[in-house]
Amino acid sequence: MTPALHLLQYLPPLSTETTPKHGLRPLRRHSFSYIKACSNTRNGRTKGPDDYHATLKALNSKGRFPRKSLGQHYMLNSEVNEQLASAAAVGEGDLVLEIGPGTGSLTNVLINAGAYVLAIEKDPHMAALVSERFADTERLKVINEDFLKCHIRSHVLLALESAKSLQVVSNLPFNISTDVVKQLLPMGDIFSEVVLLLQEEAALRLVESSLRTPEYRPINIFVNFYSDPEVKFKVPRTNFFPQPNVDAAVVTFRLKRTKDYPSVTSTKSFFSMVVQFLT
Ligand SMILES: C[S@@+](CC[C@H](N)C(=O)[O-])C[C@H]1O[C@@H](n2cnc3c(N)ncnc32)[C@H](O)[C@@H]1O
């Protein structure tokens, strides 16, 4: 059996399940004066096949079965990707950091919304695949690194000449979501908003302050200290390939500016301070 046929037997039918309608803000239109890593022309936009077919075609072409250890659950529904971009109000000239572009279905929507995308992908095969898919645009820069280990600040500042803010938009691997949140939320000096597709239960735990257990309480304090979080909408598991065992939800974290809270030396010291306070 060829790798492509082997993969095809696992493919779900095209989902007709839609996500609930919600009141998203209209697209914000402001632009950065100049972004070093990308050209500022509009010519690099990519109009390709829809996410379902593009994702499956990309995976099939490489005969590459998704890896569980890397949380590779790919988004098949363009509508969800559109809503993610809308939740972040991605518009013309924005610079967006995407963690884990995978086959590039969300990347495609971000580029078509007018953004320049800096994508960090840990899997070298997927980094190569997404670079290849968007080879004809200068709106994408792919970095093949582990987001949790890379020096994100220097990557971002290299890509952004002026000190204006930018957004993070990502369909995250569920297994690294808490670590990503801990890393990104204190970066209100460079990011204005972080929009993440998370496991639904994790999303509710991070945002719902009414749920109080000793385990999550410090992380709730952390999230509210650095941001104004909001659960936007639920994404049923049937929208992913392979289908995970859980549903997902989109959360927006509007980051507070560093001048709006007392200075904290490190995330580690923040948590030890909170734990001391609570015990
Ligand atoms: C849930 S998939 C999402 C893929 C794509 N964005 C989509 O919506 O279909 C997660 C992606 O993150 C990548 N990834 C996993 N761990 C990572 C890490 N530590 N740093 C960067 N990328 C990672 C995976 O290889 C995979 O491409």
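For the counts around the ligand I took Ala, Val, Leu, Ile, Met, Phe, Trp, Tyr, Cys and Pro as nonpolar, Asp, Glu, Lys and Arg as charged, and the others, Gly among them, as polar. On that basis the shell around the ligand has 12 nonpolar, eight polar and four charged residues.

**Entry 1: the model and its confidence**

I noted at the outset that this is a predicted model. I looked up the mean pLDDT of the protein and found 78, with 73% of the residues at 70 or more. For the complex, the predictor gives an ipTM of 0.99 and a pTM of 0.80.

I then asked where in the protein confidence is lowest and where it is highest. The lowest mean, 39, belongs to helix α1 (residues 3–8), and the highest, 97, to strand β9 (residues 248–255). Over residues 1–44 I saw pLDDT stay under 50. The model has 76 contacts beyond four places in sequence for that stretch.

**Entry 2: overall make-up**

I listed 10 helices and nine strands in the protein. Of its 279 residues, 41% count as buried. I also checked the contacts with a separation of 6 or more, and 74% of them join residues 24 or more positions apart.

**Entry 3: the ligand shell**

I found 24 residues surrounding the ligand, the closest being Met75, Gly100, Gly102, Phe147 and Asn171. Two elements that each supply at least two residues of this shell are β1 (74–75) and α4 (105–112).

I followed up on α4 and found seven of its eight residues buried. They are Ser105, Leu106, Thr107, Asn108, Val109, Leu110 and Ile111. After α4 comes Gly114, and I read its phi as positive, near 105°.

**Entry 4: annotated positions**

I looked up the UniProt record, an unreviewed entry, which places the feature "binding site" at His73, Met75, Gly100, Glu121, Asp146 and Asn171. Met75, Gly100 and Asn171 also stand among the closest residues to the ligand.

I picked two of the annotated positions, His73 and Asp146, for a check of burial. His73 is found in the loop between α2 (51–62) and β1. Is His73 buried or exposed? I count His73 as buried because 22 other C-beta atoms lie within 10 Å, and the cut-off for buried is 20 or more. Leaving aside neighbours within four places in sequence, I found His73 in contact with Pro66, Phe240, Pro242 and Pro244.

Asp146 also lies in a loop, the one between β4 (140–143) and α6 (152–159). I count Asp146 as exposed because it has 12 C-beta neighbours inside 10 Å, and exposed means 12 or fewer.

**Entry 5: strand β9**

I went back to β9, the strand with the highest mean confidence. Seven of the eight residues of β9 are buried. Which strands pair with β9, and in what sense? Strand β6 (residues 191–199) pairs with β9 in the antiparallel sense over seven bridges. Strand β7 (residues 227–235) pairs with β9, also in the antiparallel sense, over eight bridges.

I traced one residue of β9, Arg254, to both of these strands. Arg254 is the bridge partner of Glu193, and Asp228 stands opposite Arg254 as well.

Conventions:
Residues are numbered from 1 along each chain as its sequence is written. This is a predicted model: local features need pLDDT of at least 70, side-chain atom pairs count only at pLDDT 80 or more; totals for chains, interfaces and linings use all residues. pLDDT is the predictor's confidence in each residue, from 0 to 100. Helices (H or I, at least four residues) and strands (E, at least two) are DSSP runs, numbered from the N terminus. Two residues are in contact if their C-beta atoms, placed from the backbone, lie within 7 Å. A residue is near a molecule or strand if its C-beta atom, placed from the backbone, lies within 6 Å of it. Two strands pair if DSSP finds at least two bridges between them. UniProt positions are given in the numbering used here, feature names are shortened, and annotations may be inferred rather than shown by experiment.
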